[in-house]
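Let's take a walk through a protein chain together. Have the sequence and the 3D view ready, and keep turning the view as you read.

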Amino acid sequence: VGNADLDAERTVMYELGIQQQLTSSMYIHVTGFYRDIRDWVGSGALQQTDRTSYDKYINKDYASSEGLTISGAYNKGPLNVNIDYTYMLAQGTASNPLDAFYLSQSGGAPRVQMIPLGWDRRHSLNIQARYRYQAWSGSMIGSLLSGLPYTPQIIAGEATGAGTTKDLKVNSERQPTAINVDMRLSRHLKFGAVRGELFFNVFNLFDLRNSRYVYADTGLPDITLSQQ
């Protein structure tokens with residue numbers, strides 16, 4: 001149930017960076033950051049009454065994130081290239097306000113240790129490149145993202161062929177790395193006072209299959225050992 005007495009969540013962020021021009025056509029930008037999140041909304045202890053039991057939202061959870069971003073650009077003549085890389089570590093007591101509620105429903109003890117949050121993406125690399133030649137221009141955008149965390153499971157088979165599952169440490173494993181490349185080719189047109197652009201877009205140029213979710217027992221999106 002809701003709670004009208006919730007306090008406002010508080011986030012304090014620190015950021016320090018330096019930007020340096022290396023040459024007339026190249027620069028680099030390095031930034032370190034730290035974010036402290038307190039009074040995050042979570043679930044309280046289960047309340048028992050004569051007729052039912054209920055839980056309510058309270059300010060109890062904590063989270064923090066820290067990392068480093070390195071970006072740079074090269075601009076000379078018809079060629080423009082931008083690169084940025086981010087390393088981030090995001091940890092907290094819960095990724096979802098209902099985590100503690102679901103944990104109590106399954107008989108688990110309240111979580112007091114820090115765990116990787118559901119959006120804790122450790123590595124992120126993005127590259128943008130563009131080349132212009134007269135009325136033509138072509139560009140490519142590529143990204144390489146390390147996998148998000150998930151909670152693994154071990155399936156213990158029984159003699160009957162059925163199985164039981166056992167959860168391991170929360171968010172202790174990583175999904176596969178995701179890679180994507182998009183391309184755009186365009187030509188500027190002019191007919192008297194009318195100007196236009198003819199373009200051709202290709203999304204996922206190399207037809208790579210990136211997983212959005214994985215099975216907890218294998219860590220793969222298309223293979224599971226479960227007999228369900």
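We begin with an idea you'll need in a moment: a charge counts as sitting over a ring if NZ of Lys or CZ of Arg is within 6 Å of the ring centre and within 35 degrees of the ring normal. Keep in mind, too, that you're looking at a predicted model.

Now find R184. Its charged end sits over the ring of F199, 4.5 Å from the ring's centre. R184 has another partner as well: with E197 it forms a salt bridge, where the closest N and O atoms are 3.5 Å apart. This pair ties together distant parts of the chain, with R184 in strand β14 (residues 178–191) and E197 in strand β15 (residues 194–202), 13 residues apart. Are these two buried or exposed, or something in between? R184 has 29% relative accessibility, so it counts as partly exposed. E197 comes out at 36%, so it is partly exposed too.

Why would such side chains pair up at all? Side chains of opposite charge can do so when their charged atoms come close.

How many salt bridges does a search of the whole structure find? The answer is four. Another one brings the side chains of R174 and D120 together, at 2.6 Å from N to O. Here again the pair links distant parts of the chain: R174 is in strand β13 (residues 173–174), while D120 lies in the loop between β7 (115–116) and β8, 54 residues apart. R174 is partly exposed because its relative accessibility is 29%. D120, on the other hand, has 0% relative accessibility, so it counts as buried. Salt bridges with shared partners also join D120, R122 and R174 into one network.

Next, look at R38 and D36, whose side chains meet in a salt bridge of 2.9 Å, N to O. R38 has a relative accessible area of 38%, so it is partly exposed. For D36 the value is 11%, and anything under 20% means buried.

Let's move on to the strands. Strand β6 (residues 79–92) and strand β8 (residues 123–133) run antiparallel and are joined by nine bridges. To see one of them, start at T86 and look across to S124, its bridge partner in β8. β8 also pairs with β9, again in the antiparallel sense, over ten bridges. Here you can pick out R130, whose bridge partner in β9 is S139. β8 and β9 make a hairpin with two residues between the strands, and in that hairpin Q134 takes a positive phi near 55 degrees.

Follow the chain into strand β9 (residues 136–145), where you'll meet W136. With 41% relative accessibility, W136 counts as partly exposed. W136 is also one of the residues making a nonpolar surface patch of about 620 Å², together with L79, Y131, Y133, L185 and F200. While you have rings in mind, note that the structure holds three aromatic pairs.

Our last stop is M183, back in strand β14. It has a relative accessible area of 27%, so M183 is partly exposed. How far is its C-alpha atom from that of V112? The two are separated by 46 Å, and they are 71 residues apart along the chain.

Notes:
Residues numbered from 1 in each chain as written. Predicted model: local features only at pLDDT ≥ 70, side-chain atom pairs only at ≥ 80, totals over all residues. Heavy atoms only, no water. Patch = residues over 30% accessible without salt bridge, like charges linked within 9 Å, V, L, I, M, F, W, Y side chains within 5 Å. Areas by Shrake-Rupley, 256 points an atom, 1.4 Å probe, with all protein chains shown as cover. Helix = DSSP H or I, 4+ residues; strand = E, 2+ residues; numbered from the N terminus. Buried < 20%, exposed > 50% of the residue type's maximum accessible area, 1.4 Å probe, protein only. Phe/Tyr/Trp six-rings, centres within 6.5 Å; stacked < 30°, edge-to-face > 60°. Pairing = 2+ DSSP bridges.
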